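Student: I have a structure open and would like to go through it with you. Could we begin with the surface and then turn to the sheet?

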Amino acid sequence: MKIEALWNQFSRRQFKYLGNIVANSDAKTVCDIGAFAGSVSRCLWEHIKDTDKELYMIDNYLFLPQKWRQPFFNTVKKTVGTSERIHTVLEDSHTYDWCQHNFVVFSHESFAHYNPDLKKLYTSNVDTVVIDLPLNCFERTKSMLEHIQTGKLTPRYYIDGTIVCGKETACTLPTESGELFGHPIQYAKKAKGSYANAIDHILDNFNV
């Protein structure tokens, strides 16, 4: 089983921006809630490994029999790195104190698991949180947009359906300026999509 090929939380471009933002942040500890197969953790570590930042990977792997949870987690960690600055926490995010970390990525597998942590976020000292808006989860998208609209969350970056909220943090990759519910926000310009590529293909075939 090749762990790296199991699952990617974000697209290649989202990972690129996420890595740039976390590298430019002044966070001392970075936390991946819902580490699963390690795709987010691998991205985070690749961009902070040459700094003094520490990475915390959180998951309980409840879908596995108990005896296999830690061994699987150990295997996932090996795909990320072997540094002592990479920490694995085999625990539910609802009981683990992730509010102690400066930079947090929400990689929850469902709205039911995500929602209690979102509520906890409002009273935490977390500087930056990264949350995706999945097209197939109306509840998650609705709650995220409502909390931005009411000022509970301050958006900083929008990257293809992923929103970075919280403290102002630099990004050295190309962005455009916009506004979301009255908040100034930076966003990645829309990438060339399948429709534009289809037109190019038709034009090429007509030698236009």
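Student: Is valine 208 buried or exposed?

Tutor: In this predicted model, valine 208 is exposed, because its relative accessible area is 71%, and the cut-off for exposed is over 50%.

Student: Where does valine 208 lie in the chain?

Tutor: Valine 208 lies in the segment after helix 6 (194–205).

Student: Which residues form a nonpolar patch on the surface with Val208?

Tutor: Tyr195, Ile199, Ile202, Leu203 and Phe206 form the patch with Val208, and together they have about 680 Å² of accessible area.

Student: Now the sheet. What is the order of the strands?

Tutor: The order is 3-2-1-4-5-7-6-9-8, in an open sheet of nine strands with mixed pairing. Strand 3 (86–90) and strand 8 (176–180) are the edge strands, each pairing on one side only. From one strand to the next, the twist averages 20°.

Student: How many bridges join strand 4 to strand 5?

Tutor: Four bridges join strand 4 to strand 5 (residues 128–132), and the two run parallel. Phenylalanine 106 has isoleucine 131 of strand 5 as its bridge partner. With helix 4 (residues 111–121), these strands make a right-handed β-α-β unit.

Student: And what joins strand 4 to strand 1?

Tutor: Four bridges do, and strand 1 (residues 29–33) runs parallel to strand 4. Here valine 30 has phenylalanine 103 as its bridge partner.

Student: Which residues of strand 4 are buried on each side?

Tutor: Phe103 and Val105 are buried on one side, Val104 and Phe106 on the other, so both faces of strand 4 (residues 103–106) are covered. In a regular strand, side chains alternate between the two faces of the sheet.

Methods. Residues are numbered from 1 along each chain as its sequence is written. This is a predicted model: local features need pLDDT of at least 70, side-chain atom pairs count only at pLDDT 80 or more; totals for chains, interfaces and linings use all residues. Side-chain values use heavy atoms; hydrogens and water are left out. Patches are made of residues with over 30% relative accessible area and no salt bridge: like charges are joined within 9 Å, nonpolar side chains (Val, Leu, Ile, Met, Phe, Trp, Tyr) within 5 Å. Accessible areas come from the Shrake-Rupley method with a 1.4 Å probe; for residues, only the protein chains shown count as cover. A salt bridge is a side-chain nitrogen of Lys or Arg within 4 Å of a carboxyl oxygen of Asp or Glu. Buried means under 20% relative accessible area, exposed over 50%, partly exposed in between (1.4 Å probe, protein chains only). Two strands pair if DSSP finds at least two bridges between them. A crossover is right-handed if, with the strands pointing away from the viewer, the path from the first strand over the helix to the second runs clockwise. Axes are lines fitted to C-alpha atoms, for helices over the stretch in contact, and angles run from 0 to 180 degrees between N-to-C directions.
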